[in-house]
Structure formats: C-alpha cells, structure tokens
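Reader: Please take me through this structure slowly, and explain the words used for it as they come up.

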Amino acid sequence: MDPVKKNPMYLYLVVLTIGSTVGLQAWTTLFNNFAVEVARLDGDSIGLIQSIREIPGFLALLAIFVIRLIPEHRLSALSILLLGLGIAATGWFPSFAGLALTTLAMSFGFHYYETTNMSLTLQYFDKHTSPWVFGKLRSISSASSIVVGVFIFFMASMLDFTHMYLIIGGLIAAVGLWGVTRTPTNTDIVPQHKRMIFRKRYRLYYFLTFMAGARRQIFIAFSVLLLVQKFGYSVQAVTFLFVLNNAINYFLSPTIGRAIIRFGERKVLTLEYASLVAVFLAYAFTDSKWVAGVLYILDHIFFNFGMAINTFFQKMGDPGDVAPTMAVGFTINHIAAVFLPAVGGYFWIVDYRIPFIAGAVMALISLTAVQQIRIAPASSTNDSR
C-alpha cells in the first residue's frame, strides 16, 4: 500500500480525520458533565440538544450545493475548522441557547467532513485500495479516540471545562487551517455532478444505508443502557470497554478493509448481518454481565464492516455520482435518528428485549438484502457476475 500512502490525499484525509475524531470524542466525553454541572440543564434540555446535534446529518445533502462554490477538499478543511471553533467556544456559553448554538456549529463541521471524507476516499482511491484506506482511517480514528480520552482523564483534575474545550478546539481549528493551505487534488479525477441525484439502480445502496443507520441507533441508544441499567456497569467499566473497543479496532479495521478487497462486499456484509442477528438476540436474552460485555465489543467490531456499503457503491455507481450520492446517503443514514430512539425507548419501558429483537429482525432483513449484491471482489478483473 506504499503508493497509496504517497498520494497527497491520503495524508490530507489522515490529518483531518484525526481532527474530526478528536472533536467528536471530546464533545461526547465532556458534554453531559458540562451540561449538568456548569450549564445546570435538566434531562429534557439535554435531550433536545442531542436532537439538535442530529440536524446537520439530515442536511448533509446540502453539501452538493456548497461544492458548487467551494472545492470539495476545501470544504473538508473548512468543516474541521468549524468543528474546532464550535468546540473551542462551548465553554464560554454555559446555557441552553449557548450549548444549542455551539453544538450546531460543531455538528455541521463533523457531519460535513464525514460526508466529504467518504466522497474523497472513493474518488481518489480505486476499488482495489479504497477499502484498505477506509479501514486505515477507522484505525487512526480509534487511536485518536484513545489519546483524547487519556488526555481528558488526566487533564480534568487540572483544567476547568472552559480551558479543556479551548485547548482541544483550538488544536482542531489549527488542523482545519492547515488543511485550508493544502491542495492535495489532481486533474485526473472525474468531475462530480453538483446536483441531487437519485437513481433507481442505486436503490439497494440507499436501502442498506438506511438500515445501517437504524442499526447504529440501536447500538448507540440501547447497548450501553443495557449494560448500565440491567447489569450495573460502572462509569469505569464502560470506559474500559470503550478503550478496549478502540484498541481492538485500531488493529482490526485495516484487516476488515483487506477482507473486503479479497472476498467482496457481499460476503463481508453477509458475515456482519448474520452475526448481528445472533448478537441482538443474545443482548435480549442473556443474563450474564460478562456475555453482555463481550456482545458490546462484538457489536462495535461489526460496526466497521459497514464501510463495505460505500465500496459497493463505488463498484457499481457512476464515477461522477460519488459526491452527490455520498451526501444523499449520509442524509438517508440519519433518518432513523429521528424516530427510532424515541420509539425504541417506549418499547424499552414495556420490555427491554423488544428493541434488541427488532434489531435482530432488521439485521435479518439486511442479510436478505445484501444477497442482491452482484459485484465481484476488487481482485477480480471483471466487475460483474
């Protein structure tokens, strides 16, 4: 993969991905404590801000129109700059309105970078290498998450929230400014359509993207809740699982990328969804706290298999459709965030097993859907079979 690493876009995405990961992880780690201890917000206000955080995900398709005015790689850097500024300012506005505003700024930066990151990876790395690049970027994200977690753990006793937000946000903004000064592009890239595109032949990609978003919401909303509420996991225990997950994914993500290259998207996604059926059912019926912890780790590992959905599009989609389709796909991926946590929370009160059984059903539906993939592994000389 040495030629890949020599591609200027690779270093560009690596540096910006570190900034994106550090920003999201720092915000996630500090938000609840800051909201409660400093801003004095209660549960309904915190929940509303969490909903506000998802708004830019729905508006990711607007990136299609932004790149008419700003080159896509430049939008990536400006997104990281906005992410950093949003986080740096958070500590200065300890109120509902202040947190809502800084969260919105931070979230626009994060979500627009994630959209352009996927698009640029698929444009600048061919189908033989893009899975490895996706895996490597996820590996770097895992390492970055561990580093910022350790930083916050040790600095929390010496710095107040305002200074931690300012230091972390300032460093991320500096990364964004670095990106603005770079031009990692080349003239061989296929020009991208700068309008919304919906094609009937992309419907499998759209469906898998939507289902992946629903699966993500079950993982985010209910897996840790199960560990804490049913099995009594402490903050330290959950933190340990978080660090362990990221350590595992640091080493495993590039291997998943290589597996996609070798075996193809259909086989990798088949393994993911078949395994998730078992994982979600086990979540629902296990009475062992140790089994539940192992399931959380497995769940997190299988989450990385989702990169195969984007490489599937790369193999069957038009090269000029990458940027608009990634933006539309990112919006589709966030649709479930509107209703699934609320609906799942209602059923959780009825019986905590219901959301996980529903997750198993969704995984089974996805398992059936991925059998429609008819793209050969990237190592093959023929793109269809």
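Author: What follows is a set of questions about single residues, cores and packed helices, with the cut-offs behind each word.

Author: This is a predicted model, in which local features need pLDDT of at least 70 and side-chain atom pairs count only at pLDDT 80 or more, while totals for chains, interfaces and linings use all residues. Residues are numbered from 1 along each chain as its sequence is written, and side-chain values use heavy atoms, with hydrogens and water left out.

Reader: Why is Thr103 called buried?

Author: A residue is buried when its relative accessible area is under 20%, exposed when it is over 50%, and partly exposed in between (1.4 Å probe, protein chains only). Thr103 has a relative accessible area of 0%, and therefore it counts as buried. Thr103 is found in helix α6, residues 96-124, where a helix is a DSSP run of H or I with at least four residues, a strand is a run of E with at least two, and both are numbered from the N terminus. Leaving aside its neighbours within four places in sequence, Thr103 is in contact (heavy atoms within 4.5 Å) with Trp27, Ile49 and Arg53.

Reader: What makes Arg40 count as exposed?

Author: The relative accessibility of Arg40 is 67%, and this value places Arg40 among the exposed residues. Arg40 sits in the loop between α2 (8-37) and α3 (43-58), and although it is not a glycine, Arg40 has a positive phi of about 60°.

Reader: Why is Gln371 called partly exposed?

Author: Gln371 has a relative accessible area of 31%, a value that earns the description partly exposed. Gln371 lies in the segment after α16 (353-370) and, not counting residues up to four places away in sequence, it touches Arg266 and Thr270. From C-alpha to C-alpha, Gln371 and Glu265 are 10.0 Å apart in space, and in sequence they are 106 residues apart.

Reader: How do you know that Gly84 is buried?

Author: Its relative accessible area is 0%, so Gly84 is buried. Gly84 is part of helix α5, residues 72-90, and beyond the residues up to four places away in sequence it touches Gly169, Ile172 and Ala173. Gly84 and Gly169 are 85 residues apart in sequence, yet their C-alpha atoms are 4.2 Å apart.

Reader: Which residues touch the most other members of the largest nonpolar core?

Author: A nonpolar core is a set of buried Ala, Val, Leu, Ile, Met, Phe, Trp, Tyr and Cys residues joined through side-chain atoms within 4.5 Å. The largest such core has 64 residues, of which Tyr205, Tyr273, Tyr283 and Phe356 touch the most other members. Helix α9 (residues 203-229) gives the largest share of this core, 12 residues. Apart from it lies another core of 41 residues, including Trp27, Leu30, Leu83 and Tyr113.

Reader: Why are α9 and α12 called roughly antiparallel?

Author: Two packed helices are described by the angle between their axes and the distance between the axes. The axes are lines fitted to C-alpha atoms, for helices over the stretch in contact, and angles run from 0 to 180 degrees between N-to-C directions. Angles under 35 degrees count as roughly parallel, over 145 as roughly antiparallel, 65 to 115 as roughly perpendicular, and the rest as oblique. The axes of α9 and helix α12 (residues 289-303) come within 11 Å and cross at roughly 160°, and α9 and α12 are therefore roughly antiparallel.

Reader: What makes α9 roughly parallel to α11?

Author: The axes of α9 and helix α11 (residues 265-285) cross at roughly 30° and come within 12 Å. That angle makes α9 roughly parallel to α11. The crossing of α9 and α11 is left-handed, a word used if the near helix is turned anticlockwise from the far one by less than a right angle, whereas clockwise gives right-handed.

Reader: Why are α6 and α14 called oblique?

Author: The angle between α6 and helix α14 (residues 322-333) is about 140°, with their axes 9 Å apart. The pair α6 and α14 is therefore oblique, and α6 passes α14 in a right-handed crossing.
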